[in-house]
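Visitor: I have the sequence and the model open side by side, and I would like a close look at one part of it. Could you walk me through that part and then show me how the rest is arranged around it?

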Amino acid sequence: MQALLDQIAAEMAQATDRGRVADYIPELAKIDPNQFGIAVALPSGEVLTAGDAETPFSIQSISKVFTLAIALGRLGDQIWTRVGREPSGLAFNSILQLEQENGIPRNPFVNAGAIAVTDAILQGRQPREVLAELIRFIQAAAEDDSITINQAVAKSEQATAHRNIALAEFMAAMGNLRNPTALAIGTYVHQCAVEMTAAQLARAGRFLLGAPGCPRLVSIARIRRINALMMTCGHYDASGEFAYRVGLPGKSGVGGGILAIAPGKASIAVWSPGLNDYGNSKLGAFAIEKLARGMGWSVFG
Ligand SMILES: NC(=O)CC[C@H](N)C(=O)O
């Protein structure tokens, strides 16, 4: 596998069409797109890497996997009164469907859905308590106490969060927000600003493998459900394409990271900051496709 990872990293280093870095969050617009890292964590905890796998990046929407896991633990199936479980077929930050569907977001991975989940786990607590719980969860998953939030990224997103504030306000109008918009959005932008290296993210994904030796933070039944949602909704309106090409549950973020899970076998993290038209890492998706094909990993047989 190491040879395959080296080969993928070498190929990605040559790529000229690398996509475009997210520019609506000013701090992310500064990131050099000529970077690529890949890491694979095995159930044993062993991690194989290639490329820029030790460079921290903003996990952005990959954080939605961890907040969903926390929400399922805190609220159980009650969370499904606040958010649905269907792919949206629309961009991650779309406003369109939310009005048509009375303020209930399609799924926990589009922005509106993730804001509803974060609002749900606040449960009258201060944002700092919820963020501390999230960081503890991620640190436990990765077995690494050094993981933190990049405050500059959080501040930068907060200053330009107009669309997300609009989504939250609309949900408030429809009775699907329990906290003031500023609290829900303040918590959300900080969760998105968690920073990790590809090696750390691959390790953090091991809690979704459901294999002996992995941190057991959620039940097997919930692991299956989180993976199902990653497969159907983790790449927004490109989720079908990712399922078709890669055949593994995955979650992307506009920082250019992707976490993919080969159940029972491996947790994979890639990072390349340039995005495709759907807001997913362009080279990241190619790289996971090559790795999954090379290793024969697919949930479809
Ligand atoms: N797709 C993403 O990673 C989006 C997350 C980003 N923080 C936003 O809300 O716009």
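Visitor: Let's take strand S1: how many bridges join S1 to strand S8 (residues 266-271), and in which sense do the two strands run?

Guide: Happy to help, and please keep in mind that this is a predicted model. Five bridges join S1 to strand S8, and the two run antiparallel. To find a point of reference on your screen, look for Ala41, which stands opposite Ser267 in S8.

S1 itself covers residues 37-41 and is mostly covered, with five of its five residues buried. You can check this face by face. On one side are Gly37, Ala39 and Ala41, on the other are Ile38 and Val40, and all of these are buried.

S1 also pairs with strand S2 (residues 47-51), again through five bridges and again antiparallel. Here Gly37 is a handy marker, since its bridge partner in S2 is Gly51. S1 and S2 form a hairpin with five residues between them. In that turn sits Gly45, whose phi is positive at about 100 degrees.

Now let's step back to the chain as a whole. The protein is divided into domain 1 (2-57 + 196-295) and domain 2 (61-192). Their C-alpha centres lie 21 Å apart. Where the domains touch, domain 1 gives 31 residues and domain 2 gives 32 residues. On the domain 1 side, the elements that give two or more residues are helix H2 (26-29), helix H10 (198-204), helix H11 (220-233), strand S6 (250-252) and strand S7 (257-262). Of these, H11 gives the most, with six residues. By class, that side of domain 1 divides into 17 nonpolar, eight polar and six charged residues.

Next, the packing. The largest nonpolar core has 95 residues, and those with the most contacts inside it are Ala198, Ile268 and Ile288. Both domains take part in this core, each of domain 1 and domain 2 giving at least three residues. Ile288 is a good one to click on: leaving aside neighbours within four places in sequence, Ile288 is in contact with Val246, Gly250, Ile258, Ala260, Ile268 and Val270. There is also a second, separate core of five residues, which includes Ala22, Leu28, Val254 and Leu275.

Val254 comes up again at the ligand. Around the ligand you will find Gln60, Ser61, Phe92, Asn93, Asn111, Glu157, Asn164, Cys192, Gly253, Val254 and Gly279. By class, this shell has three nonpolar, seven polar and one charged residues. Domain 1 and domain 2 both give residues to the shell, so the ligand lies between them.

One residue of that shell deserves a pause, namely Gln60. Gln60 is placed in the loop between strand S3 (57-58) and helix H3 (63-75). With 26 C-beta neighbours inside 10 Å, Gln60 counts as buried, because 20 or more is the cut-off for that class. Its phi is near 45 degrees, a positive value in a residue other than glycine. Most residues other than glycine have a negative phi. Asn102 likewise has a positive phi, about 55 degrees, although it is not a glycine. Asn102 is found in the loop between helix H4 (96-100) and helix H5 (111-122). Asn102 is exposed, because it has 11 other C-beta atoms within 10 Å and the class takes in 12 or fewer.

S3, the strand before the loop of Gln60, belongs to an open sheet of three strands in the order S3-S5-S4, with antiparallel pairing. S3 and strand S4 (148-149) stand at the edges, each with a single partner strand, so one side of each is left without a neighbour in the sheet. S3 and strand S5 (residues 194-196) are paired over two bridges. Within that pairing, Phe57 has Met196 in S5 as its bridge partner.

To finish, here is a pair of residues to help you judge scale. Glu129 is placed in helix H6 (residues 127-142), and it counts as partly exposed, with 14 C-beta neighbours inside 10 Å. Glu129 and Gly284 are 155 residues apart along the chain, and their C-alpha atoms are separated by 33 Å.

Terms used: Residues numbered from 1 in each chain as written. Predicted model: local features only at pLDDT ≥ 70, side-chain atom pairs only at ≥ 80, totals over all residues. Helix = DSSP H or I, 4+ residues; strand = E, 2+ residues; numbered from the N terminus. Pairing = 2+ DSSP bridges. Core = buried A, V, L, I, M, F, W, Y, C linked by C-beta atoms within 7 Å. Domains from an automatic or database assignment. Contact = placed C-beta atoms within 7 Å. Near = placed C-beta within 6 Å. Nonpolar A, V, L, I, M, F, W, Y, C, P; charged D, E, K, R; others polar.
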